[in-house]
Amino acid sequence: MLPEDGMLAGRGVAERMLSIGMPVDDWVEEVGARLGTAEECERLRHVPGSIMVTIQRTYYAGETQVETADIVVPAARFTLVYSGKMGRV
């Protein structure tokens with residue numbers, strides 16, 4: 001239920017999933033922006049109505065979704081940087 005609390009606490013998603021026979025081979029992130037809720041702004045120590053970047057990150061083992069994380073960060077504090085390898089043609 002809470003893999004971050006188990007015997008592989010502190011390890012990455014891929015290593016934790018591999019330990020139960022689910023090799024992670026793909027991930028997808030959906031990135032958006034919106035006004036933070038009152039609770040989010042309070043917990044992140046930002047003024048009410050601050051713009052937040054939202055990230056929904058899902059890891060897959062084949063076609064099976066094995067973990068999804070919903071991440072909210074203040075837009076003014078973070079820059080998102082992505083990269084990836086291109087397949088050879």
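Is Arg45 buried or exposed at 76% relative accessibility? Let's start there and then tour a few other spots in this predicted model.

**View 1. Arg45 in the loop between helix 2 and strand 2.** Arg45 counts as exposed, because its relative accessibility of 76% is over the 50% cut-off. Helix 2 covers residues 38-43 and strand 2 covers residues 51-61, with Arg45 in the loop between them. Have a look at the backbone here as well: Arg45 is not a glycine, yet its phi is positive, at about 55 degrees. Most residues other than glycine have a negative phi.

**View 2. The hairpin of strand 2 and strand 3.** These two strands run antiparallel and are joined by ten bridges. Between them sit two residues. Gly62 is in the turn, with a positive phi of about 65 degrees. For a handy landmark on this pairing, find Tyr60, which stands opposite Gln65 in strand 3.

**View 3. Val28 in strand 1.** Strand 1 takes in residues 26-35, Val28 among them. Val28 has a relative accessible area of 36%, so it falls between the 20% and 50% cut-offs and is partly exposed. Which residues does Val28 contact, leaving aside its neighbours within four places in sequence? They are Gln56, Arg57, Thr58 and Tyr60. If you would like a distance to check on screen, try Val28 to Thr68: the two are 40 residues apart in sequence, and their C-alpha atoms are 9.4 Å apart in space.

**View 4. Glu29 and its side-chain partners.** Glu29 also belongs to strand 1. Its side chain makes a polar contact of 2.4 Å with the side chain of Arg57. Another polar contact, again of 2.4 Å, links the side chains of Glu29 and Tyr82. Not counting residues up to four places away in sequence, Glu29 touches Arg57 and Tyr82 along with Ile55 and Gln56.

**View 5. A nonpolar patch on the surface.** Four residues make up this patch: Trp27, Val31, Leu80 and Tyr82. Together they have about 380 Å² of accessible area. You have already met Tyr82 in the previous view, as a side-chain partner of Glu29. Leu80 is found in the segment after strand 3, the strand of residues 64-74. With a relative accessible area of 35%, Leu80 is partly exposed; that value is over the 30% needed for a patch residue, so Leu80 meets this cut-off.

How values were computed. Residues numbered from 1 in each chain as written. Predicted model: local features only at pLDDT ≥ 70, side-chain atom pairs only at ≥ 80, totals over all residues. Heavy atoms only, no water. Helix = DSSP H or I, 4+ residues; strand = E, 2+ residues; numbered from the N terminus. Buried < 20%, exposed > 50% of the residue type's maximum accessible area, 1.4 Å probe, protein only. Contact = heavy atoms within 4.5 Å. Patch = residues over 30% accessible without salt bridge, like charges linked within 9 Å, V, L, I, M, F, W, Y side chains within 5 Å. Areas by Shrake-Rupley, 256 points an atom, 1.4 Å probe, with all protein chains shown as cover. Salt bridge = Lys/Arg side-chain N within 4 Å of Asp/Glu carboxyl O. Polar contact = N/O pair within 3.5 Å; in protein donor to acceptor, adjacent residues only side chain to side chain. Pairing = 2+ DSSP bridges.
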